[in-house]
Protein chains: 2
Amino acid sequence: MLVWERPEPPDRPVPAPLSRERIVRAAIRLADADTLEAVSLRKVAAALDAGPMRLYGYIATKDELFDLMVDAVHAEIRPSGDGWRQVLISLADTTRQAAHRHEWFADLIGGRPQLGPHALARMDAVTAALGGVDLGTAVPAIAAVDAYVVGVVRREITERRAERATGMDKRQWQLTYGPYLQRTFATGRYPALATAVRDGPHLDADQTFQAGLDFLLDGIEARIARLSP
Amino acid sequence: MLVWERPEPPDRPVPAPLSRERIVRAAIRLADADTLEAVSLRKVAAALDAGPMRLYGYIATKDELFDLMVDAVHAEIRPSGDGWRQVLISLADTTRQAAHRHEWFADLIGGRPQLGPHALARMDAVTAALGGVDLGTAVPAIAAVDAYVVGVVRREITERRAERATGMDKRQWQLTYGPYLQRTFATGRYPALATAVRDGPHLDADQTFQAGLDFLLDGIEARIARLSP
DNA sequence: GCTTGATCGATACAGTGTATCGATGTTGGC
DNA sequence: GCCAACATCGATACACTGTATCGATCAAGC
């Protein structure tokens with residue numbers, strides 16, 4: 001064959017160079033589209049036209065990939081506002097919104113040390129914004145809001161999945177879990193809970209989130225007021 | 001061979017009858033001794049002298065086994081006390097203690113709907129104990145405390161594991177993560193966080209937990225006082 | 001006593017994370 | 001310019017996972 005007739009190089013001549021960022025983005029795409037369990041090193045590698053072992057040049061282990069995914073989400077969390085109260089509200093809100101955008105975030109949050117650059121940057125921003133508050137209050141206050149958000153986000157995502165697993169809306173969910181709950185409530189074993197469910201407030205997710213956050217912030221406010229009258 | 005010389009039946013003549021409870025106990029033993037990841041259906045079955053598929057007569061799926069494990073832990077959580085504040089403190093404390101006894105609990109808590117009999121019984125007991133509080137406040141208050149505890153417990157167990165992974169005590173941990181943190185702090189990228197770590201309060205786990213819980217309870221108390229002056 | 005039916009668990013399958021190590025490409029020495 | 005030594009990379013392999021399948025096994029009914 002004549003050299004000048006050499007066929008075109010294949011469509012993907014040189015495999016696109018990999019990077020931690022590309023790997024993390026591919027993993028997040030997989031997790032967003034499905035579940036965290038859908039993220040396997042093989043699938044991530046396949047999405048990048050690479051063999052599984054290729055990834056190990058960039059990440060040491062699958063857990064490290066998860067850590068990087070979590071830190072990437074922290075980059076999306078940018079609390080802002082005037083005054084400590086608004087900043088903490090914003091911290092809670094933006095974290096919650098990020099978890100709603102990336103449901104798998106709820107599975108990882110709080111489960112690994114958060115020492116990535118973006119997580120630290122977010123903590124730094126919040127700490128700076130609370131500059132007016134004495135550190136003895138600010139530090140536990142931030143920790144408390146963080147913990148509360150972790151718990152709320154997990155519960156919310158869990159409930160959302162349960163609803164989605166049975167049908168699509170809340171009506172369907174009640175139809176599926178209803179019989180079981182009806183039966184167990186009918187035993188009369190949980191009388192207080194039954195009346196609370198029947199007569200108590202029927203708050204939606206946003207309202208419940210706000211109510212708990214208000215408790216927390218009111219408690220913090222009381223302490224601040226106590227210290228600087 | 002003569003029939004009356006028939007050898008003794010094997011040491012385990014009849015395989016011990018299985019039950020959900022025995023299976024769950026075996027799984028919890030495995031998880032307590034190691035990690036949740038150490039719980040595989042094969043190992044659980046082996047601990048009960050059974051083949052893996054034998055378990056499927058009692059549980060439908062591995063997730064269901066996890067749900068049962070979580071509910072078994074809920075049976076250990078028995079909040080008590082006089083007055084709504086003490087009951088909520090007890091709810092938080094006993095939940096936290098259960099998580100410290102079963103570290104894997106932190107991996108599952110909040111991650112699945114908690115509709116098992118013991119979880120419902122615990123919720124019923126708490127709801128009943130808050131009988132004196134108007135339902136519009138009691139329901140979100142319980143939810144908030146629950147969420148807060150979930151977040152705290154996850155953070156605590158995560159930190160404990162990180163410490164244990166590097167050595168055995170906090171000194172070792174600082175020696176290992178120290179250089180990385182020192183380097184990142186030395187960049188000056190997180191000035192507010194750096195001063196907070198340097199000058200802020202050095203609370204231990206118990207104190208941080210108490211501080212956040214106090215914020216929450218003070219906020220709840222304020223609302224109760226506002227409603228019934 | 002034989003057939004039929006149900007039950008149970010050994011085998012098999014598709015998938016996982018990652019250790020190993022030979023093929024490959026690159027560089028240094030002469 | 002050529003070859004050898006070295007480093008790098010990723011295909012193969014391994015041990016393990018949850019669980020579907022379905023043939024062997026045992027009990028019931030006539």
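## The surface near DNA strand C

By class, the residues close to DNA strand C in this predicted model come out evenly: four are nonpolar, four polar and four charged. Chain A brings A:S40, A:L41, A:R42, A:K43, A:P52, A:M53, A:T61 and A:K62 to the surroundings of this strand, while chain B brings B:G51, B:M53, B:R54 and B:G57. If you are looking for one element to start from, try helix 2 of chain A, residues 41-47, which gives the most to this surface, with three residues.

## The surface near DNA strand D

Now turn to DNA strand D. Around this strand you will find B:S40, B:L41, B:R42, B:K43, B:P52, B:M53, B:T61 and B:K62 from chain B, along with A:G51, A:M53, A:R54 and A:G57 from chain A. Helix 2 of chain B (residues 41-47) accounts for the largest share here, three residues. The division by class is four nonpolar, four polar and four charged residues.

## Inside chain A

Chain A has two domains: domain 1 covers 9-59 and domain 2 covers 78-227. Their centres, taken over C-alpha atoms, are separated by 32 Å.

A helix pair is worth a look in this chain. Helix 1 (residues 20-33) and helix 3 (residues 62-74) of chain A pack with their axes 9 Å apart, at an angle of about 85°. Helix 1 of chain A is therefore roughly perpendicular to helix 3 of chain A. From helix 1 of chain A come A:R20, A:I23, A:V24, A:A27, A:I28 and A:A31, and they meet A:L65, A:L68, A:M69 and A:A72 of helix 3 of chain A. Nine residues of this contact are nonpolar, none is polar and one is charged.

## How the two chains are related

What turn lays chain B on chain A? A turn of 180° does it, with a shift of 0.0 Å along the axis and an RMSD of 0.0 Å. That is the relation of a two-fold axis.

The interface fits this picture. Of the interface residues of chain B, 100% are also interface residues in chain A, so the copies meet through the same surface.

## Where chain A meets chain B

The contact between the chains takes 51 residues from chain A and 51 residues from chain B. On the side of chain B that touches chain A, at least two residues each are supplied by helix 6 (117-129), helix 7 (135-166), helix 9 (191-199) and helix 10 (205-227) of chain B. Helix 7 of chain B gives the most to that side, with 18 residues. The residues of this side of chain B divide into 29 nonpolar, twelve polar and ten charged.

One helix pair across the interface can be followed residue by residue. Helix 7 of chain A (residues 135-166) and helix 10 of chain B have axes that come within 9 Å and cross at roughly 75°, so helix 7 of chain A is roughly perpendicular to helix 10 of chain B. In this contact, helix 7 of chain A uses A:P140, A:A141, A:A143, A:A144 and A:A147, and helix 10 of chain B uses B:T208, B:A211, B:G212 and B:F215. Sorted by class, the contact of these two helices has seven nonpolar residues, two polar and no charged ones.

Notes. Residues numbered from 1 in each chain as written. Chains lettered and ligands numbered in written order. Predicted model: local features only at pLDDT ≥ 70, side-chain atom pairs only at ≥ 80, totals over all residues. Near = placed C-beta within 6 Å. Helix = DSSP H or I, 4+ residues; strand = E, 2+ residues; numbered from the N terminus. Nonpolar A, V, L, I, M, F, W, Y, C, P; charged D, E, K, R; others polar. Axes fitted to C-alpha atoms, helices over the stretch in contact; angles between N-to-C directions. Parallel < 35°, antiparallel > 145°, perpendicular 65-115°, else oblique. Contact = placed C-beta atoms within 7 Å. Domains from an automatic or database assignment. Least-squares fit on C-alpha atoms with pLDDT ≥ 70 in both.
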